[in-house]
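User: I am new to reading protein structures and would like to work through one strand and its neighbours step by step. Could you show me the structure and then take my questions?

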Amino acid sequence: MSSREGAALGHQWMNALSDGNRDRRRTPVVLVVDDSAASRELIKACLEEVDCQVRLTEDGQGALRSIEESAPDLVLLDVQMPGMDGYEVCRRIKTADGGTLLPVVMITAVDHPSDCVRALAAAADDFMSKPIDRLELVARVRSALRLKRIYNSLDSAEQVIYALASAVEAKDPYTDAHTHRVAESAKRVGARMGLPQDELNALYRGGIVHDIGKIGIPDQILLKPGELDSEETTRMHLHPIIGENIIAPLQSGADLLPIVRHHHENYDGTGYPDRLSGKRIPLLARIVSVCDAYDALTSDRPYRLGRSHDAAVSVLLRGSGRQWDPQVVHLVVDEARRTSDRGMYEHQQV
Ligand SMILES: [Fe+2]
C-alpha cells in the first residue's frame, strides 16, 4: 500500500470510528407507537427520568415513516392498533435494511398471554404487559438502550471493514464501483431464489467485502497487466483466506465468512482455497462468484476492454457446471439481460 493510500485508509478508519464515538455521545431517541393518546403521554411521562428524547406516533404507517426519516435507538410498540397491528410493524422494521440492529419492545395486553409468543415470533427483542408499570418500563428501556449502544459499536466495526473494502477498490481505478454492482446483483439473484431477508442482507454485505483480502496482496501482483506467474498466482490465491481472517473477529460478520472464503471455489471442485464442489460450496458464495465474474467480464481492465453483455454471457454459459452453479448462472444471465434491456431502453429514450 502506498503512503497516500495508507493515509486515505487511516482517514476512513478515523471517520468510521469517530461516527461511532459521535453516536455514543448523542442523546438516544425512543419512538413510542400507540394509538391511545393517553398511553403515549403516560409512557412519555414515565421516561422523563431516562436520558433520552421521546418521539410519539399513533399508528404503524407513521412509525415506519418516522423510522425511515430518522432511525431512533429504540421502538416501544403497542400490539393492538387499528390498521397495521404491532406484529406486522415489528416484522417490517426487522426486515428493513439495518432493522435487526434496532431494538423493538412490544407492549402486549396482560390478558392475552399468547401475545408474548407472537411478539417474539415477530422478532421483537423484548415485551412487557399493560398496564404499564413505571419502574419496569424504565428498567426495560435502559436495558434496550444499552443493547443498542452495543449494536452501534458492532456497526462501527463493520463500517471499518467497509472502509477497508473501499480501500481495496481504490487501489485499482479499473474496479470503480465493482463491489457495489456485485452486491446489488447478488441480492437481486438471492431474492429471485426466494432466500430469506437475513441471507439477502448477507449477500449484499458479502458482495461488498468479498475481496477484502486483496488488501494483503502486493500492488505489483494486484495491478499487474497480463498473466501472473505461478508464484504470483499462489500469492493471489491467498486473498480469500486473508479476507476471512480480517472479518473473523467481527461478530456481526459471521454470515459473511463463507462468502469471503469460498467465492473462488469452482463447481467441479477445481477452485480454491478448499477445492469444494457442487452444493458443498455455500450457496451465498456460489451466487457472489457468478455476479463477480459477470461484472469483471463486462468491466474494462488495464490490459483489455470490457466485453459486451452477449460475450460475457457466452463465457458464463461455457463455465456453467464447471466453474459455476448452473442454476445461479441461469439467474444471473437473466438478471443481466433485464438490466441490459433496461439500459438500452433508457438509451433509446435519451
Ligand atoms: Fe476474489
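**Strand S1 and its partners**

Analyst: In this predicted model, strand S1 is joined by 5 bridges to strand S2, which covers residues 53–57, and the two run parallel.

User: Which residue in S2 is the bridge partner of Val-33?

Analyst: S1 spans residues 29–33, so Val-33 belongs to S1, given that strands are DSSP runs. Across the pairing with S2, the bridge partner of Val-33 is Thr-57.

User: Is the β-α-β crossover from S1 to S2 right-handed or left-handed?

Analyst: On leaving S1, the chain passes through helix H2, made of residues 37–46, before it reaches S2. This β-α-β crossover is right-handed.

User: Which residue in S3 stands opposite Val-30?

Analyst: S1 also pairs with strand S3, residues 74–78, in the parallel sense and over 4 bridges. In that pairing, the residue opposite Val-30 is Leu-74.

User: How many of the residues of S1 are buried?

Analyst: In a regular strand, side chains alternate between the two faces of the sheet, so each face can be considered in turn. On one side of S1, Val-29, Leu-31 and Val-33 are buried, and on the other side Val-30 and Val-32 are buried as well. S1 is therefore mostly covered, where buried means under 20% relative accessible area, and the count of buried residues is 5 of 5.

User: What percentage of the residues of the whole chain count as buried?

Analyst: The secondary structure of the chain comes to 15 helices and 5 strands. Of its 350 residues, the share that counts as buried is 46%.

Terms used
Residues are numbered from 1 along each chain as its sequence is written. This is a predicted model: local features need pLDDT of at least 70, side-chain atom pairs count only at pLDDT 80 or more; totals for chains, interfaces and linings use all residues. Side-chain values use heavy atoms; hydrogens and water are left out. Buried means under 20% relative accessible area, exposed over 50%, partly exposed in between (1.4 Å probe, protein chains only). Two strands pair if DSSP finds at least two bridges between them. A crossover is right-handed if, with the strands pointing away from the viewer, the path from the first strand over the helix to the second runs clockwise.
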